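Visitor: I am new to this structure and would like a close look at one part of it. Could you take me through the aromatic rings and what lies around them?

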Amino acid sequence: MVHSLFEDFKTLHVLVIGDVMLDRYCWGDVNRISPEAPVPVVRISNSDSRLGGAANVAINCKALGARVSLATVIGDDEAGDTLLHLLQEGDIGDELIQKSGQRKTTTKTRIMSRSQQMIRLDEESVHYLSVEEEHPFIDACLRFLQIQKPDVVILEDYNKGVLKENVIRKIIAHCRTLKIAVAVDPKYEHFFAYKGVTIFKPNLKEVREGLQLPVKPPEIDVLNEVHLRLKAELGHEVSLITLSEHGMYYADDVQEGILPAHLRSIADVSGAGDTVIAVAAMVYVLTRDVRLTAQCANIAGGLVCETSGVVPIDKERLIQEAAQLSF
């Protein structure tokens, strides 16, 4: 069953909408302390740039075999050009990417030495889209949905300003009219704006902040109550809550449970949530099986944590581990 499921990923068209970022990595060695201040001197030996945020969700969906389009607003700058080039290399549809002179392309530069992050430098604009940016962006997304009718839309919110409430509301409403599944990776600021979606996937910290509850995993009764409270507020179908080292909670109207985390050699948790929502959205739209969805997403999130930096899922490794599941 797993092999046929993963083969069916090729039939899907996924639209990812949200905040993108460029992840830059500079690797080097530390051999001395600076004479100018008590800080290490990193001698850079190599560097590269990777897709982050909603772009990392897109590249994960592509790695699994889907046709993928990405919608966002970036800066009219060098980082934006680099991001577009990486998307083109990854065969990600960029027709819904809008450039703006009013904002910067979010860029996170990590200085690394011996697989350890020494410091991170962020360049970004976090204000909401202006009216001049918002209206053409919404119009383009709604027109794309009407014409292309993708199988699933993933809303990836990093609180960088693209997914403002009006954008969220209009896209979800149009998806509901067209009967397109919507999966959401929310952040605190718009936690309750995603009404009527298919999959709602917060992490435990976001649940605690959003509901103002001291949730302590892995208490199934408490998490079931969380699901019911979320459902009463949002009217969504599926709750997936990532619990860090405690695994993942899943629930719909039929079943609920907690899947334990798989033992891993954790190198870096960056981007794991992006992988989880990508896998979850694609498995669920094909199977409508919430437990299988959670099982595959739980494995995928752990796998990407074994590699330093933001990386897409390795499809073959995911198939190998998922094949061991009992259905």
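Guide: In this predicted model, F191, F192 and F200 come together as one aromatic cluster. Within that cluster, both F191 and F200 are buried. The count of aromatic pairs comes to four, and one of them, formed by Y25 and W27, has ring centres 5.5 Å apart and planes at 15°; since planes under 30 degrees apart count as stacked, this pair is therefore a stacked one. The pair of F191 and F200 is edge-to-face, with 5.2 Å from centre to centre and 75° between the planes.

Staying with Y25, we find that this residue is buried, its relative accessible area being 1%, and that the charged end of R50 sits over its ring, 4.6 Å from the centre. An arrangement of this kind also involves Y158, whose ring has the charged end of K187 over it, 4.6 Å from the ring centre.

W27 leads us from the rings to the strands, for its bridge partner in strand 3 is N46. Strand 2, which covers residues 20–33, runs antiparallel to strand 3, and 13 bridges join the two. In general, the strands of a sheet pair through backbone hydrogen bonds, in either a parallel or an antiparallel way.

Strand 2 and strand 3 belong to an open sheet of four strands, in which the order is 3-2-6-7 and the pairing is mixed. At the edges of this sheet stand strand 3 (40–53) and strand 7 (116–123), and because each has a single partner strand, one side of each is left without a neighbour in the sheet. On average, and with direction ignored, neighbouring strands here are turned by 20° against each other.

Two helices accompany these strands. Helix 2, made of residues 54–63, lies across strand 2 and strand 3 and runs at about 65° to strand 3. Helix 3, made of residues 78–89, packs on the sheet, where it touches strand 2, strand 3 and strand 6 (107–113), and its direction makes about 105° with that of strand 2.

To end, there is a hairpin to look at, formed by strand 12 and strand 13 with four residues between them. The two strands pair in the antiparallel sense over four bridges, and A251 stands opposite E256 of strand 13. Along strand 13 (residues 256–259) the side chains alternate, so that G257 and L259 point to one face and are buried, whereas E256 and I258 point to the other face and are not buried.

How values were computed. Residues are numbered from 1 along each chain as its sequence is written. This is a predicted model: local features need pLDDT of at least 70, side-chain atom pairs count only at pLDDT 80 or more; totals for chains, interfaces and linings use all residues. Side-chain values use heavy atoms; hydrogens and water are left out. Buried means under 20% relative accessible area, exposed over 50%, partly exposed in between (1.4 Å probe, protein chains only). Two strands pair if DSSP finds at least two bridges between them. Rings of Phe, Tyr and Trp (its six-membered ring) pair if their centres lie within 6.5 Å; planes under 30 degrees apart count as stacked, over 60 as edge-to-face and the rest as tilted. A charge sits over a ring if NZ of Lys or CZ of Arg is within 6 Å of the ring centre and within 35 degrees of the ring normal. Axes are lines fitted to C-alpha atoms, for helices over the stretch in contact, and angles run from 0 to 180 degrees between N-to-C directions. Contact means heavy atoms within 4.5 Å.
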